[in-house]
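Student: I would like to learn how to read cysteines and paired strands in a model. Could you take me through a case?

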Amino acid sequence: MADKAILYDSSKCTACRGCQVACKQWWGLEADKTEFWGTYENPRDLTADTWVKIRFNEISNGNGGVDWIFTRQSCMHCTDAACVKVCPTKALYYHPLGFVAYDKDLCSGCGYCVEFCPFEVPRAKGNDITGIRKIDKCRFCIDRVTNDMEPACVKTCPTDALIFGDRAELVAIGKQRVQELKGTYPNAYLYGEKELGGLHVMYVLTQPPQVHGLPVDPQVPATATAWQDVIQPLGYGALGLVVAGLGLNYLVARANANKEAESKAKVKVKK
């Protein structure tokens with residue numbers, strides 16, 4: 001099967017946030033409490049319940065005015081993915097269509113994917129009392145794309161800033177679009193063609209990657225490779241340690257909660 005991908009064209013994006021809404025609606029994600037931050041970004045960042053957002057930036061256009069820079073922020077579905085390398089339970093894995101799939105039932109909440117992702121995408125959500133948590137991120141609408149449908153974010157985009165298809169075809173489309181933009185945007189660039197073995201979410205950028213808030217040369221940390229080579233071969237032994245650690249975390253958290261409750265009760269009795 002040919003690898004599938006998404007191509008995001010920042011020059012066509014109007015920051016309507018339709019992709020954000022479509023993602024939440026399709027996956028039934030909870031709303032995040034927001035407030036006015038003094039910018040056009042809302043919510044401020046990705047969360048375990050917000051898997052895609054549009055970032056906003058202003059830069060000088062050299063003529064006394066400013067240009068608005070919009071950038072999609074979500075999982076990049078790397079071919080060489082740090083999150084897959086470090087996941088001890090194989091909750092994160094490569095789908096035959098090329099993207100990084102996720103089985104939430106297998107997630108131990110260890111958080112290694114959060115630490116090692118060069119794009120800072122996976123986010124954790126858990127219970128402070130039990131210490132049990134899960135990680136979440138974009139699922140590439142696996143239920144849609146495996147049934148000949150577009151991802152929800154692509155389906156809702158009114159300007160075709162997001163398009164979906166075979167990755168090889170999107171690379172060609174992205175390169176052609178970059179050439180069309182060079183006259184107006186000399187720094188136009190196709191981001192993701194080769195980065196980290198090739199991303200399955202590629203970007204047509206009008207400015208250098210750093211202006212869009214993207215790493216210029218993303219790399220899998222050396223410690224992530226060491227983790228895969230040394231720790232993962234332990235298999236279920238490592239998983240057992242994770243489970244034991246979660247159990248200890250739960251007991252300690254409950255003990256602290258009980259102590260706090262007893263302390264409050266004593267204060268009330270004294271009064």
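Tutor: We will go through the cysteines and then a pair of strands, keeping in mind that this is a predicted model.

Student: How many disulfides does the structure hold?

Tutor: A disulfide is a covalent bond between the sulfur atoms of two cysteines. In this structure there are zero disulfides.

Student: Why is there no bond between Cys13 and the closest cysteine sulfur?

Tutor: The cut-off for a disulfide is a sulfur pair within 2.5 Å, and because the closest cysteine sulfur to that of Cys13, in Cys19, lies 6.7 Å away, the two are too far apart for a bond. For Cys107 the closest cysteine sulfur belongs to Cys113 at 6.5 Å, which is likewise too far for a bond.

Student: Are Cys13 and Cys107 buried or exposed?

Tutor: Cys13 counts as buried because its relative accessibility is 13%, and Cys107, at 12%, counts as buried too. Cys117, in the loop between helix H3 (112-116) and strand E6 (123-126), is also buried, with a relative accessible area of 15%. From C-alpha to C-alpha, Cys117 is 7.8 Å from Ala81, although 36 residues separate them in sequence.

Student: Turning to the strands, how many bridges join E2 to E3, and how do the strands run?

Tutor: In a regular strand the side chains alternate between the two faces of the sheet. Here strand E2 (residues 53-60) and strand E3 (residues 66-73) run antiparallel and are joined by eight bridges, and Ile54 has Arg72 in E3 as its bridge partner. The hairpin of E2 and E3 has five residues between the strands, and in this hairpin Gly62 adopts a positive phi near 80°.

Technical notes: Residues are numbered from 1 along each chain as its sequence is written. This is a predicted model: local features need pLDDT of at least 70, side-chain atom pairs count only at pLDDT 80 or more; totals for chains, interfaces and linings use all residues. Side-chain values use heavy atoms; hydrogens and water are left out. Buried means under 20% relative accessible area, exposed over 50%, partly exposed in between (1.4 Å probe, protein chains only). Two strands pair if DSSP finds at least two bridges between them. Helices (H or I, at least four residues) and strands (E, at least two) are DSSP runs, numbered from the N terminus.
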